[in-house]
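Work through the exercises below with the sequence and the coordinates open. Try each task before reading its solution.

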Amino acid sequence: MAGKPVDFDPFAPQPKAVEFDPFAPKKRSWTDVAGESFSNIPKSAAALAGMVYDVATDPVQAVRGMGQMVVGGTEKLMGEPYFDTSSGRAVREQGKAALTAGGDYLKNRFGSEEAIKNTLATDPVGAAADLSVLFTGGSTLAAKTPMLTRAAPVLRTAAEYTNPLNVVTKPIASMISPKVAPEVKTLMDEGITPTTGQILGGGFKRLEEGLSSVPLVGDFIKNAQLRAVEDLNTAAFNRALKPIGKELPKDVTGREAVQFADDALGSAYQKLLPKMTVKIDKTFNTELSNLKQAVDSGAMNQTTKDFFNKWIDNNVNNKFQGQGAITGETLKGIQENFRVKINELSASTLNDERVIAGALKEAQDQFRQLVTRSNPNYAKELNAINTGYANFKRVQNAAGKVGAEEGVFSPAQLQNAVRAMDKSKDKARLDEGKALMQDLSESGKTVLGSKVPDSGTPYRTMAAILASGGAGLSGYPGIAAGLAASPVMYSAGGQKMMAALLAKRPAGAQNFAEQVRSNQQARMAALLGAQTTPYTLIGDQQ
């Protein structure tokens with residue numbers, strides 16, 4: 001069944017046709033805003049830089065413009081004129097015009113959703129500057145308003161993070177004096193040269209670690225990392241040798257370094273012994289008795305326990321009988337006996353004998369302390385030797401750890417030795433960060449890592465690839481470019497050069513850099529001057 005026909009009224013108003021305006025601005029989506037904003041960052045940054053430059057070169061005009069805004073705002077708030085003179089009226093009119101122009105400027109930029117989108121898309125850096133100025137003003141107001149004081153620090157932080165001048169000031173500050181972790185400084189003060197990634201830390205260090213597994217480039221990096229660990233080993237040995245005025249010869253590492261340090265400290269001690277007299281005392285007897293009890297209660301066979309007790313009696317205690325004191329050659333003989341027997345048992349394949357070697361080291365240390373107490377006139381020299389020995393015992397322990405190949409130890413192995421040899425109650429000194437050599441071991445572990453890196457073979461690998469006509473490089477995109485930098489940055493000389501560029505600056509550089517980094521007031525003044533420039537100039541023209 002057909003529907004009822006609709007009557008047509010020729011006089012009824014017809015719906016207005018929608019006209020197409022080809023020049024109307026296209027409405028942006030937020031995705032469009034993000035894309036445009038990213039592409040316009042350089043132009044936007046240049047515009048703000050130009051305005052900041054104007055402020056820097058003509059600060060009087062900037063201050064005058066801000067003053068006009070203050071005058072205009074005061075007039076609006078008070079609702080009545082002040083400075084009612086001809087010159088005062090002129091200033092007042094300029095202020096009102098500047099304030100009106102400023103309001104229009106902000107309205108055009110942030111007065112609607114489309115305005116905000118347009119501002120973010122076309123002037124992203126300027127928008128960040130506007131926000132930073134607003135957050136700064138808000139923080140100042142909040143700080144003076146009792147109910148809002150807690151919001152002030154949050155607004156100040158927001159102002160700092162949105163200030164686009166940080167993009168300029170922070171890199172400049174980093175070039176003047178890069179922020180270097182205190183652990184890096186500790187290592188470099190000891191003559192240790194970390195790699196570029198280890199100095200910069202964070203993402204740079206992770207990137208370098210990732211690149212260390214890439215053929216060729218990784219080999220150079222591993223070699224540089226290994227040099228840093230060897231530097232740590234050298235620094236640790238020099239901690240033991242410095243008190244007696246010695247240092248480790250160049251290229252002496254591992255077990256050779258252990259032997260050199262032991263011989264040097266022993267020689268220094270032997271030179272003093274003929275000049276001294278030693279009397280046994282209660283402290284020595286008590287410590288030696290405690291040591292014997294510890295050995296007797298240990299999980300060793302009885303023959304080994306008896307050997308230790310008899311050796312101590314024959315080579316130490318019995319030397320004092322009948323005279324109450326020992327001198328010269330007798331003193332040297334006791335120390336030589338300790339040295340020979342400790343070296344012999346330390347090299348044994350039997351666990352019990354290696355344990356006895358450790359007990360004899362403790363007895364030797366107690367004997368040295370007895371010598372120091374008996375000879376106060378030589379206390380300074382003896383204390384220097386004992387300090388060296390105390391450091392050496394930790395290094396010797398680290399070099400003897402399982403996994404310390406050829407006596408080269410990792411930062412973690414040194415840290416474990418420091419922990420094991422901390423004799424304070426409940427490891428209190430270690431917990432306080434004051435254990436002997438802890439500053440070096442912890443800094444090494446934090447900056448250099450826990451392991452000894454494998455030695456890379458870059459030149460051998462490179463030769464193999466070149467011998468094959470270079471075709472091997474086709475499977476490793478980007479390696480060819482990396483090779484240009486790697487031999488330089490990660491060579492011994494390049495490693496030192498990069499460390500000096502990144503971490504060493506003349507006196508005063510760090511303070512100046514911190515001023516550049518943290519002088520928020522100066523940056524905000526520059527921003528405020530730049531942001532008022534567009535509309536104070538408009539006000540002047542009216």
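**Exercise 1: a salt-bridge network**

Glu114 is partly exposed, at 31% relative accessibility (buried is under 20% relative accessible area, exposed over 50%, partly exposed in between, with a 1.4 Å probe and protein chains only). The model is predicted: local features need pLDDT of at least 70, side-chain atom pairs count only at pLDDT 80 or more, and totals for chains, interfaces and linings use all residues. Residues are numbered from 1 along each chain as its sequence is written, and side-chain values use heavy atoms, with hydrogens and water left out.

Task: find which residues are linked with Glu114 in a network of salt bridges.

Solution.
- Step 1. Apply the rule: a side-chain nitrogen of Lys or Arg within 4 Å of a carboxyl oxygen of Asp or Glu.
- Step 2. Test Glu114. Its partner is Lys117, with the closest N and O atoms 3.8 Å apart.
- Step 3. Check the spacing. Lys117 and Glu114 are three residues apart in helix α4, so about one helical turn separates them. Helices here are DSSP runs (H or I, at least four residues; strands are E, at least two), numbered from the N terminus.
- Step 4. Test Lys117 again. It also bridges to Glu113, at 3.5 Å from N to O. These two lie four residues apart in α4 (residues 113-122), so they too are separated by about one helical turn.
- Step 5. Join the pairs. Glu113, Glu114 and Lys117 form the network. Lys117 is buried, at 6% relative accessibility.

**Exercise 2: a long-range pair**

Task: find which residue Asp439 meets in a salt bridge, and where that partner sits.

Solution.
- Step 1. Search around the Asp439 side chain. Arg239 meets it at 2.9 Å, N to O.
- Step 2. Place both ends. Asp439 is in helix α20 and Arg239 in helix α11, 200 residues apart, so the pair links distant parts of the chain.
- Step 3. Compare exposure. Asp439 is partly exposed at 38%, whereas Arg239 is buried at 18%.
- Step 4. Count by the same rule. The total is ten salt bridges.

**Exercise 3: positive phi**

Most residues other than glycine have a negative phi.

Task: Asp251 and Met437 have positive phi; decide for each whether it is buried or exposed.

Solution.
- Step 1. Read the angles. Phi of Asp251 is near 70°, and that of Met437 is about 70°.
- Step 2. Locate them. Asp251 is in the loop between α11 (217-241) and α12. Met437 is in the loop between α19 (428-431) and α20 (438-448).
- Step 3. Read the accessibility. Asp251 is exposed at 69%. Met437 is buried at 2%.

**Exercise 4: the largest pocket**

Task: describe the lining of the largest pocket.

Solution.
- Step 1. Define it. On a 1 Å grid over the protein atoms alone, a pocket is an open set of points where a 1.4 Å probe fits, with protein on both sides within 12 Å along at least five of seven lines; lining residues have an atom within 4 Å of a point.
- Step 2. Take the volume, the space filled by probe spheres set on the points, which are joined across faces, edges and corners. It is about 1300 Å³.
- Step 3. List the residues. There are 37 in the lining, and the closest to the centre are Ile342, Ser346, Lys361, Gln396 and Asn397.
- Step 4. Assign elements. Those giving two or more residues are α12 (254-272), α15 (328-346), α16 (351-374) and α17 (379-399). The largest share, nine residues, comes from α12.
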